[in-house]
Amino acid sequence: MNDATPSSVEDAASDRPTAPTPDHIMQTATAFWASKVLLTAVEFDLFSTLGSGAMTANALGGALGIHPRGRFDFFDALVALGFLERDGDGAEGRYRNTPATAAFLDKNSPSYIGGMPEMLNARLFGFWNGLGEALRTGEPQNEIKHHGKPMFEELYAEEARLGQFLEAMTGFQAANFQMLAERFDFSRYQTMTDVGGALGLMSVIVGQRHPHLRFTTFDLPPVAPLAERHIESVGMDDHITVVSGDFFEDDLPPADVVTMGNILHDWNLEKKKMLIGKAYAALPEGGALLAVENLIDDARRENAFGLLMSLNMLIEFGDAFDYTFADFQGWCREAGFTRFEKLPLAGPTSVAIAYK
Ligand SMILES: C[S@@+](CC[C@H](N)C(=O)[O-])C[C@H]1O[C@@H](n2cnc3c(N)ncnc32)[C@H](O)[C@@H]1O
């Protein structure tokens, strides 16, 4: 993902770059203001409160418990940032959702993706304040820093936090899984194991598009009841089996296709290679390992989101990191895979494929 904001202006007559401007520097330096405004609007559930209606600043501010000092600045900033529309001005002006906030940030919409903003706000916004310390020490800056427990154990210690994390993953990945279901040729295969499948979303989405497939969604034991509930609620329990286990202790359930959505980037090199080896062992000849990730471009110059995600892995885990398609091919070739492919998915995400 390239940020196209120029850091110098072109001389229209000659195409020569002229003096640099500080615009890009200042936009990025203050980007957390805009980010925090959006995240706080999600925290206050502003977009669901508006729903399909329109409200004045005072009515909306009153409903959300926002002090009069902040009302107009907050709502108008959201208008200027493109996250609200406003009919009229001043005290009579009425605020409405945009088509995008109505679709994705109103909790009553089936395509709600607010779980990720909620998690970014509740956890990562604060933890990223420790980026400098993470860079100096190589140590994570999340809950582990305070309690010393492994990331997933800490995250899953409370049901509410577990639910929040799993919802966040779900919101983040739906568009990618839909594109995966369209773009990868699943017709040749009968079974799929989704490793670290969380609520089972990848199996649900691929299964709705390819009903001939049967799925195993594999994750840690605390996740199983939530996954079962989700899979039942969408009527896919005939197609998808929930299996609990620890992918470092247990073999992966065998299948023609093994998928890993944002799994390999959670771990250090040794554990990445161990997981790739386990995927190889779970596949038949001709089977495929699919890693859905924000793959960094091989030259490490363009996919800013992938590179920021890798810094996020430093904040979350310390030694975990995102990687390029070239890295993936190298590790998979070592494990015995012979043929490789990469398909673009939504935005900065791709699927890296290794065939056995
Ligand atoms: C970053 S989330 C990705 C979830 C989902 N695949 C997606 O793409 O949104 C990582 C998942 O790995 C699971 N996980 C972490 N450690 C695990 C382990 N040792 N064994 C099995 N699953 C594990 C977590 O519970 C979580 O659901």
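Over which residues does pLDDT stay under 50, and how many contacts beyond four places in sequence does the model have for them?

1. The low-confidence stretch covers residues 1-7, where pLDDT stays under 50. For these residues the model has 14 contacts beyond four places in sequence. Any reading of those contacts should be set beside the pLDDT of the stretch, under 50.

2. This is a predicted model. Its mean pLDDT is 92, and 93% of the residues reach 70 or more.

3. The protein is divided into two parts: domain 1 spans 1-109, and domain 2 spans 175-355. Taken over C-alpha atoms, the centres of domain 1 and domain 2 are separated by 34 Å.

4. An open sheet is formed by 3 strands in the order β3-β5-β4, with antiparallel pairing. Its edge strands are β3 (55-56) and β4 (84-87), each of which pairs on one side only.

5. Strand β4 and strand β5 (residues 94-97) run antiparallel and are joined by 4 bridges. One pair can be named here: the bridge partner of D87 is R94, in β5. Helix α5 (residues 68-80) lies across β4 and β5, and the helix runs at about 110° to β4.

6. Around the ligand there are 16 residues, of which M169, G196, A198, F247 and G261 come nearest. By class, the shell around the ligand comprises 8 nonpolar, 5 polar and 3 charged residues.

Conventions:
Residues are numbered from 1 along each chain as its sequence is written. This is a predicted model: local features need pLDDT of at least 70, side-chain atom pairs count only at pLDDT 80 or more; totals for chains, interfaces and linings use all residues. Two strands pair if DSSP finds at least two bridges between them. Helices (H or I, at least four residues) and strands (E, at least two) are DSSP runs, numbered from the N terminus. Two residues are in contact if their C-beta atoms, placed from the backbone, lie within 7 Å. Axes are lines fitted to C-alpha atoms, for helices over the stretch in contact, and angles run from 0 to 180 degrees between N-to-C directions. pLDDT is the predictor's confidence in each residue, from 0 to 100. A residue is near a molecule or strand if its C-beta atom, placed from the backbone, lies within 6 Å of it. Ala, Val, Leu, Ile, Met, Phe, Trp, Tyr, Cys and Pro count as nonpolar, Asp, Glu, Lys and Arg as charged, and the others, Gly among them, as polar. Domain bounds come from an automatic or database domain assignment.
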